[in-house]
Amino acid sequence: MAGVWRYDVVLIGGGVIGSSVAMALAERGLKTAVVDIDLSGRLSSSEKNAGGVRATWWQPVNITLCRASIKYYESVREEVGFRQKGYLWLYDAATWPKAEQHLALQRALGHPIEELDAAAVHRRVPEIDRLDGIAGATFSPEDGLINSNLLKEHYRSRSRALGAEYFDRLYVHAIDAGESEVRIGCWRADDALSDETLMRMMSEDGPGEPAAGHLLELSAEAVVIAGGAWSPSALKLVGLKNLSEPIRRQICLVDNRATNLAAYGMIVDTSGVYFHNEGAHILAGYQPPDEPPGYHFNYDGEPFFLNEIWPRMFARMSSMERLRHVTGWAGLYEVSPDCSAIVGRADPTKRVYEAHSFSGRGVMQSYGAGQALADLIAHGKYCAFDASALSRDRFDRGEQVWEELHI
């Protein structure tokens, strides 16, 4: 690359959200470029999530965007590994009344969902044989599990076929955003970067040590900040306040040869532990309520399994007595103040847009959010899906989109 390269839209961040927006923009005939410091996504939330997809939420905009995404995933299910086996969600006495209050809204927005008592939970999943503390449950048959890497590659393949370009190892160090043009200063590494260097570049200001590379400049009519937990550095360059925090999420792969959960989708326990079948193993996660914010990728290993995962699973299912830790990993949620995404035009005086802070909902909402934002950029308004409730100025207006149903 040499000189100034010109596009209609440049996206900063090529994870599942950035790639979805790129596909939607290319579908609308816009010349689109995606830049990312690491397109393989070694530290990306797109690669480190649990794979759940659900429209079982309590806020209308979150239900709508997830429903739109699910309908699309149904149309490409083989390509993206979408297994529509439902979500079984168990509630305790404190949370069940709230869940019941939202059933009418969910159904009105087209989301099929069943109510279950504890006995019905056991009939549906006989392995759940310890029913203490279950005040009620919901089962949503159209929710399911997806291969997030395949989904991201699907978006990229579709967008590339329509002319979108992806540039790897690009670090954005300057953004000059005006009313009609955005100039983006980039540094491109000549070689692949280590995880340690990537961490410094994305959480601080630059590589922090000498690295071989060269400078280049992009020009566009609009820029989209879609860097997930790594969006703060780009927001800073355009003078926007970062509103979100990165929060570590740990996931285990565990083995219990006596139990096969392949017939079921995601199960969420009253304790907050969630799990589903994953190949020959069980994938299980839990979020301690006192997890501090920060760019933490260390996985606590077997102690995390023994202290957080096993006791909760064994308390619900006697067959989990011999559950064994295999491996695990840690990734990040980028969590907004109200646990809903920040999507829309970031500054009314500049052609700067954003789609980040999905608070663990990125894969679930990626198609709907991408289509919505592309309409806003291409047509100046939301068309098929209205995401206006997710604009950043909701926090100034006191119109937060509080979403409680998180794991």
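## Strands, helices and three residues in a predicted model

Strand β17, residues 342–347, is mostly covered, with five of its six residues buried. The model is a predicted one. β17 pairs with strand β18, residues 352–356. The two strands are antiparallel and share five bridges. Together β17 and β18 make a hairpin, and four residues lie between them. One bridge pair can be named: Val-343 is partnered by Ala-355 in β18.

**The open sheet**

Eight strands build an open sheet with mixed pairing. Their order is β5-β6-β4-β13-β14-β15-β12-β16. The edges are β5 (114–116) and β16 (324–335), each of which pairs on one side only. From one strand to the next, the twist averages 20°.

Inside this order, β13 sits beside β14. Strand β13 covers residues 266–268 and strand β14 covers residues 274–278. They run antiparallel and are joined by two bridges. Across this pair, Ile-267 stands opposite Phe-275 in β14.

A helix also lies across part of the sheet. Helix α4, residues 96–108, lies across β4 (87–91), β5 and β6 (136–140). Its direction is about 160° to that of β5.

**His-325 in the edge strand**

His-325 belongs to strand β16, one of the edge strands. Is His-325 buried or exposed? Its relative accessibility is 15%, so His-325 counts as buried; the cut-off for buried is under 20%.

The side chain of His-325 makes a polar contact with the side chain of Tyr-299, at 2.8 Å. A polar atom of the His-325 side chain also lies 3.5 Å from the backbone oxygen of Thr-327. Setting aside residues up to four places away in sequence, His-325 touches Cys-252, Leu-253, Val-254, Tyr-299, Gly-301, Glu-302 and Phe-305. Tyr-299 is thus among the residues touched by His-325 and is also its polar partner.

**Two packed helices**

Helix α1 (residues 16–27) packs with helix α6 (residues 148–161). The angle is about 30° and the axes are 8 Å apart. That makes α1 roughly parallel to α6, because angles under 35 degrees count as roughly parallel. The crossing of α1 past α6 is left-handed.

Which residues of α1 meet α6? They are Val-16, Ser-19, Ser-20, Ala-22, Met-23 and Ala-26. On the α6 side, the residues met are Leu-151, Lys-152, Tyr-155, Arg-156, Arg-158 and Ser-159.

**Ala-378 and Lys-236**

Ala-378 lies in helix α10, residues 362–379. With a relative accessible area of 31%, Ala-378 is partly exposed. Leaving out neighbours within four places in sequence, Ala-378 is in contact with Arg-28 and Leu-30. Gly-29 is 349 residues from Ala-378 along the chain. Even so, their C-alpha atoms are separated by 8.9 Å.

Lys-236 is found in helix α8, residues 232–237. Lys-236 is exposed, with a relative accessible area of 56%. The C-alpha separations involving these two residues are set out below.

| Residue pair | Separation along the chain | C-alpha separation |
|---|---|---|
| Ala-378 and Gly-29 | 349 residues | 8.9 Å |
| Lys-236 and Lys-71 | 165 residues | 36 Å |

Definitions and conventions: Residues numbered from 1 in each chain as written. Predicted model: local features only at pLDDT ≥ 70, side-chain atom pairs only at ≥ 80, totals over all residues. Heavy atoms only, no water. Buried < 20%, exposed > 50% of the residue type's maximum accessible area, 1.4 Å probe, protein only. Pairing = 2+ DSSP bridges. Axes fitted to C-alpha atoms, helices over the stretch in contact; angles between N-to-C directions. Contact = heavy atoms within 4.5 Å. Polar contact = N/O pair within 3.5 Å; in protein donor to acceptor, adjacent residues only side chain to side chain. Parallel < 35°, antiparallel > 145°, perpendicular 65-115°, else oblique. Left-handed = near helix turned anticlockwise from the far one by under 90°.
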